[in-house]
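Work through the exercises below with the sequence and the structure in view. Each task is followed by a solution in steps.

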Amino acid sequence: MDSYQYLIIGGGIAGVTAAETIREQNPDATIGIVTHEPYPLYSRVLLPTYLKRKIPREKLFLRTIDDFIESRIELRLQETVTSVDEKRREVTLHNGATLGYQKLLLASGGRARPWGKPEDESIIYRLQTIDDADRLFSALADVRNPLVIGSSFISLEFLEIFLINNIAPALLMRDEYFFMPYLEETGGELMRAHFQRHHITLYEHDEIAKIQHNQHGLTILTKKQQLIPCDALAVGIGIERNLEFARAANILRGDTGIRVNEFFETNQENIYAAGDIAEMMNPATGNWHATGNWTSAFLQGKHAGLNMAGARKPFADIPSYSITNLGLQITMIGDCLPMGDPPTADAIVRINPDTNEYERLFLADGALKGAVLINRFKDRAHITQLIKSQQKLDAYRDKLASFQFDITSIPMV
Ligand SMILES: Cc1cc2nc3c(=O)[nH]c(=O)nc-3n(C[C@H](O)[C@H](O)[C@H](O)COP(=O)(O)OP(=O)(O)OC[C@H]3O[C@@H](n4cnc5c(N)ncnc54)[C@H](O)[C@@H]3O)c2cc1C
């Protein structure tokens, strides 16, 4: 049986960063990475850029096999962990083999949430892996009228990918408007106008009832009895976490991932988790959530690696996600869900419809917990500091409601 001092499940940015950090701290340790995919580390963030034909495929790769050989990290490609035995300190692979560990990191991220029926699979596109991107890349020459499904960052990417490739997409969402409930109605209206400016046909507050295949492609029948002709379905409905293997090991899970403390320790001794799979408590709100962003996955991998190698460094981060899409810059920072009673009581909306600038600030107990910014990236750093400091903003509440008030003029205390 192969055995490692440090074994990592997942060869994404969190897992690879953790392995390399451990190597920096401990030149002699045995380190292994088991990863389901057949490639060394690549950038998921750049997959849309590749599909927009702005970079060639080879630019997606962030490491080569030789990099792992050089740093003496054993990269085990196309192997899948099916279970963890925390008592024996072993993991079992898909082929029945077992690997021993002294310390284990779960960095298994997520996969596109399942959607659709097996018979429709040939016309369904997702965007989580390089294989998904390659498949869509090949299809772009033939697809003419795709339907993007869902109200997510990946849906925005799909729309821009199609438009840049001179393909006219439509968008179908279950919600009343895009990014509901992160945005309220005026933000939803801003997004609606944005899509209309780009001639994207919108089907809001509706769902697919039936997919009919015919000689011209497909016809979608929606629950509201609308008929949508299309030839491909691009699904952006979020991810689900890869954590099945952790079930038998009694590793504590929350609603969104594997629960860890500020040192990335799970409830089981010598088992850590980091990246998209890890659910941490946001000290500003007390809410538990897994983040789904590249920078957090990198920083968490770094900290988890340091702590696994013997440091005792607590981690605190205000996660944020940014995208620039068809001319709109959208950023979400911290906890972006209404939390008052009623839920919208503690949210302030500032909007300038002439410039498509929009801010929704989420407060609780007088302090800022999160924010959605559209075309206001310049406020991001200050807002992040305000969330971090948890200073009371009661004195600014009325002023904040006016778009003219510059939030960066609030001094840090
Ligand atoms: C198209 C796209 C665009 C994105 N754009 C942005 C962006 O602009 N900004 C941003 O901040 N974030 C973005 N993200 C999110 C970001 O890429 C992720 O948050 C980040 O990659 C998570 O890294 P991770 O290492 O935690 O997990 P992952 O990258 O998901 O890596 C986990 C790895 O573990 C493997 N694995 C899973 N289960 C097992 C198992 N049982 N055994 C072995 N291996 C296993 C998986 O196959 C995978 O290779 C984007 C994501 C996608 C898909």
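**Exercise 1: a hairpin**

Strands S21 (residues 320–325) and S22 (residues 328–334) run antiparallel and are joined by six bridges. The model is a predicted one. Task: find which residue of S22 stands opposite Thr324, and describe the link between the two strands.

Step 1. Start at Thr324 and cross to S22; the residue opposite is Gln329.

Step 2. Follow the chain from S21 to S22: the two strands form a hairpin, with two residues between them.

Step 3. Look at the turn, where Leu326 has a positive phi of about 45°.

**Exercise 2: helix H5**

Task: state how the span of helix H5 (residues 153–164) compares with the expected one, and what its buried residues pack against.

Step 1. H5 has twelve residues, and its first and last C-alpha are 17 Å apart. At 1.5 Å a residue, 16 Å is expected, and the span of H5 is close to that.

Step 2. Nine of the twelve residues in H5 are buried, which leaves the helix mostly covered. Among them are Ile154, Leu156, Phe158 and Ile161, and also Ser155 and Glu157.

Step 3. The buried residues of H5 pack against helix H2 (47–51) and against strands S9 (146–149), S10 (170–172), S15 (232–235) and S21.

Step 4. Just past the end of H5, Asn166 has a positive phi of about 60°.

**Exercise 3: the ligand and the domains**

Task: find where the ligand lies with respect to domain 1 and domain 2.

Step 1. The ligand is surrounded by 36 residues, and the closest are Gly10, Gly12, Gly109, Gly275 and Asn293. Elements that give two or more residues to this shell are helix H1 (13–25), strand S2 (31–35), H2, H5, helix H7 (294–308) and S21.

Step 2. Sorted by class, the shell holds 16 nonpolar, 16 polar and four charged residues.

Step 3. The domain assignment gives domain 1 (2–111 + 239–308), domain 2 (114–235) and domain 3 (320–409). Domain 1 and domain 2 both give residues to the shell, so the ligand lies between these two.

Step 4. The C-alpha centres of domain 1 and domain 2 are 31 Å apart. In the contact between these domains, eleven residues of domain 1 meet eleven of domain 2. H2 gives four residues, the largest share of the domain 1 side. By class, that side has eight nonpolar, no polar and three charged residues.

**Exercise 4: an open sheet**

Task: in the open sheet of three strands, ordered S17-S19-S20, which strands stand at the edges?

Step 1. The pairing in this sheet is mixed. S17 runs parallel to strand S19 (residues 278–281), and two bridges join them. In one of the pairs, Arg259 has Glu279 in S19 as its bridge partner.

Step 2. Strands S17 (258–259) and S20 (288–290) each have a single partner strand, so one side of each is left without a neighbour in the sheet. These two are the edge strands.

**Exercise 5: Pro38**

Task: decide whether Pro38 is buried or exposed.

Step 1. Locate Pro38 in the loop between S2 and H2.

Step 2. Pro38 has 10 C-beta neighbours inside 10 Å, so it counts as exposed; the cut-off for exposed is 12 or fewer.

Step 3. Leaving out residues up to four places away in sequence, Pro38 touches Leu77 and Gln78. Asp231 is 193 residues from Pro38 in sequence, and their C-alpha atoms are 30 Å apart.

Note on methods:
Residues are numbered from 1 along each chain as its sequence is written. This is a predicted model: local features need pLDDT of at least 70, side-chain atom pairs count only at pLDDT 80 or more; totals for chains, interfaces and linings use all residues. Two strands pair if DSSP finds at least two bridges between them. The expected span of a helix is 1.5 Å times one less than its number of residues. A residue is buried if 20 or more other C-beta atoms lie within 10 Å of its own, exposed if 12 or fewer, and partly exposed in between; C-beta atoms are placed from the backbone. Two residues are in contact if their C-beta atoms, placed from the backbone, lie within 7 Å. A residue is near a molecule or strand if its C-beta atom, placed from the backbone, lies within 6 Å of it. Ala, Val, Leu, Ile, Met, Phe, Trp, Tyr, Cys and Pro count as nonpolar, Asp, Glu, Lys and Arg as charged, and the others, Gly among them, as polar. Domain bounds come from an automatic or database domain assignment.
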